[in-house]
Amino acid sequence: MSPAIQTERLCKQFGTVEALREASLSVAEAELFGLIGADGAGKTTFLRILATLLVPDSGKATMLGLDTVAGYREIRTRIGYMPGRFSLYQDLSVEENLNFFATVFGATVEENYDLIRDIYVQLEPFRTRRAGQLSGGMKQKLALCCALVHRPELLLLDEPTTGVDAVSRQEFWQMLQRLKAQGITILVSTPYMDEATLCDRVAFMQEGRMLAIDTPQGITKLFTRSLFAVQARDRHKLIRALRSYEHARSAYAFGSSVHCTDARNAADPSELAAWLRSRGFDDVTVERIEPGIEDTFMALMEEQPAQSEAGKGDNG
Amino acid sequence: MAEAVIQTEKLTRRFGSFTAVDEISFSVLAGEIFGFLGANGAGKTTAMKMLTGLLAPTSGEATVAGFDVYKQTESIRRSIGYMSQRFSLYDDLTPRENIRFFGGIYGLGSLELREKGERLLESLDLQESADTHLAALPLGWKQKLAFSVALLHEPKIIFLDEPTGGVDPVTRRRFWDMIYQAADSGVTVFVTTHYMDEAEYCDRVSIMVDGRIAALDTPEELKKNFNAETMNEVFIRLARPAKRMDS
């Protein structure tokens, strides 16, 4: 089966900013694929090239087997794209926006209603409200409906859950799972690491490069050092102490504990516990843990030498 | 017991027939990191606007830094710092110009401003980029600068409205290092976030649902009371049954 999305060494430069540096990726049909990375990593540029809105400086991309430059007209009718910034008409109502986008693609809301019903029922009470008057979570749902209303084979979603609360984020991901079950390929970017675990595969992006591409489980295997979860009452003091520990590679707050990476591969948690106790942390507990996606991403980020800290713009 | 720097009593705001904030009563203690959570549309923004003196309440009482939210909004604004992802610094000014501009707005004299500004650029290691347009700086640096600028006039309380949205996990945690530092120096931190792991970093957390405060306690107690492993679970359990449509 040919991949739904394929890119080969995509490069794109804006002035002196290298937004994409040989970004290569392949997404299978009906795959739910996550593009994980911080602001400025190049996610938006990557998605815009795939959406045929930008032309790469070099490299090649195909969508549904069609070249994004030569085949842009056909691609546009067969994919749905939800940009990061709210892009619907603020002074049209919910209903008018939906009808408008359906019409543009030569479709009707009625014929594709089954695809959007789950999402649209939540919007229905506000169908005459202007889109500009909706809250963040509702705007996202409307934007998704508008991207789906022509029944695309492939969806590109640029940070659909940024600024959305935890409950709405959970609902949004449940919708994506249902769309995937109907055979739609989905490429979604997000800055939330916990969402990575909900994808079939993820790519970590940083400074225009794909740092790693794998399943969520596979990604965490890239983390090879010892990782400890450390807990004590005064967390801030604990973090500072851990950062002064000679074997500590990093120490970061993680929920209710602090994750400390030991630079050695097989370090002993009791050694660290004893060291902390000698420094007055009487109530400390140290436990060896398996790394999560966020631990792995942070470790990968720190291993990459910063290329151009100050020169790197926010190309959002 | 530390003094309360924010105190509200049945604070309420209505818009027409809609009650955005419905009789909320709580207090925030000096030097505390207070997490103010809630779903989109739960009433957080309206509550924050009242506490920062930008919106008059419909009824109820509140004092911020000892000043009344009805009559002393000017004094409130002088006693607080504010930073959000949406509103922070000007992209087409340089770091140095932003410091001068916002310091001036916060009422700092030019001599004081120059001194503090230089010290700030030095402590943030921004001297080399001090005269570069802000737009060319990485988001993480901008956020650090915005946070520091909001503290320049030494406010008693700093309000942070989703300060870490969209940044990478390392930068997010470095930002929290700065929050801890500010709290250690006695500044009260009032912070909203959609990252539930950050809720765990707060001393106490309130969760708003449908205009009311549905829960308020330390993260440990909240997790214990809701028999939950994480703050994310606590939040979802409280916020999911919300009646008010997120609109």
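**Salt bridges, a sheet and a surface patch in a two-chain model**

Good morning. Over all chains, the count comes to 39 salt bridges, a salt bridge being a side-chain nitrogen of Lys or Arg within 4 Å of a carboxyl oxygen of Asp or Glu. This is a predicted model, in which local features need pLDDT of at least 70 and side-chain atom pairs count only at pLDDT 80 or more, while totals for chains, interfaces and linings use all residues. Residues are numbered from 1 along each chain as its sequence is written, chains are lettered from A and ligands numbered from 1 in the order in which they are written, and side-chain values use heavy atoms, with hydrogens and water left out.

I shall begin with individual pairs. Side chains of opposite charge can pair when their charged atoms come close. In the salt bridge of Arg178(A) with Asp118(A), the closest N and O atoms are 2.6 Å apart. This pair links distant parts of the chain, since Arg178(A) belongs to helix 6 of chain A and Asp118(A) to helix 4 of chain A, 60 residues apart. Helices (H or I, at least four residues) and strands (E, at least two) are DSSP runs, numbered from the N terminus. Arg178(A) is partly exposed, at 38% relative accessibility, and Asp118(A) is partly exposed at 36%; the class lies between buried, under 20% relative accessible area, and exposed, over 50% (1.4 Å probe, protein chains only).

Helix 6 of chain A also holds Glu171(A), whose partner Lys141(A) lies in helix 5 (residues 136-148) of chain A, 30 residues apart. Their closest N and O atoms are 3.2 Å apart. Are these two residues buried or exposed? Both Lys141(A) and Glu171(A) are buried.

Next, the contacts between chains. Asp177(B) forms a salt bridge with Arg243(A), with 2.8 Å between the closest N and O atoms. The pair crosses from helix 6 (residues 169-184) of chain B to helix 9 (residues 235-243) of chain A. Asp177(B) counts as buried at 17% relative accessibility, whereas Arg243(A) counts as partly exposed at 39%. In addition, a network of salt bridges links Glu294(A) with Arg172(B), Arg173(B), Asp197(B) and Glu198(B).

I now turn to the sheet of chain A. Six strands form an open sheet in the order 6-7-8-3-9-10, with mixed pairing; two strands pair if DSSP finds at least two bridges between them. Which strands stand at the edges? They are strand 6 (79-82) and strand 10 (209-214) of chain A, each with a single partner strand, so one side of each is left without a neighbour in the sheet. Within the sheet, strand 3 (residues 32-36) and strand 9 (residues 201-206) of chain A run parallel, joined by four bridges. One of the partnerships is that of Leu35(A) with Ala203(A) in strand 9 of chain A.

Chain B offers an antiparallel example: strand 9 (residues 204-209) and strand 10 (residues 212-217) of chain B pair over five bridges. Val205(B) has Asp217(B), in strand 10 of chain B, as its bridge partner. Two residues lie between the strands of this hairpin, where Asp210(B) takes a positive phi near 50°.

Finally, the surface. Phe105(A) is found in the loop between helix 3 (94-104) and helix 4 (113-123) of chain A. Phe105(A) is partly exposed, with a relative accessible area of 33%. Together with Tyr89(A), Phe100(A) and Val104(A), Phe105(A) makes a nonpolar surface patch of about 360 Å². Patches are made of residues with over 30% relative accessible area and no salt bridge, like charges being joined within 9 Å and nonpolar side chains (Val, Leu, Ile, Met, Phe, Trp, Tyr) within 5 Å; accessible areas come from the Shrake-Rupley method with a 1.4 Å probe, and for residues only the protein chains shown count as cover. Thank you.
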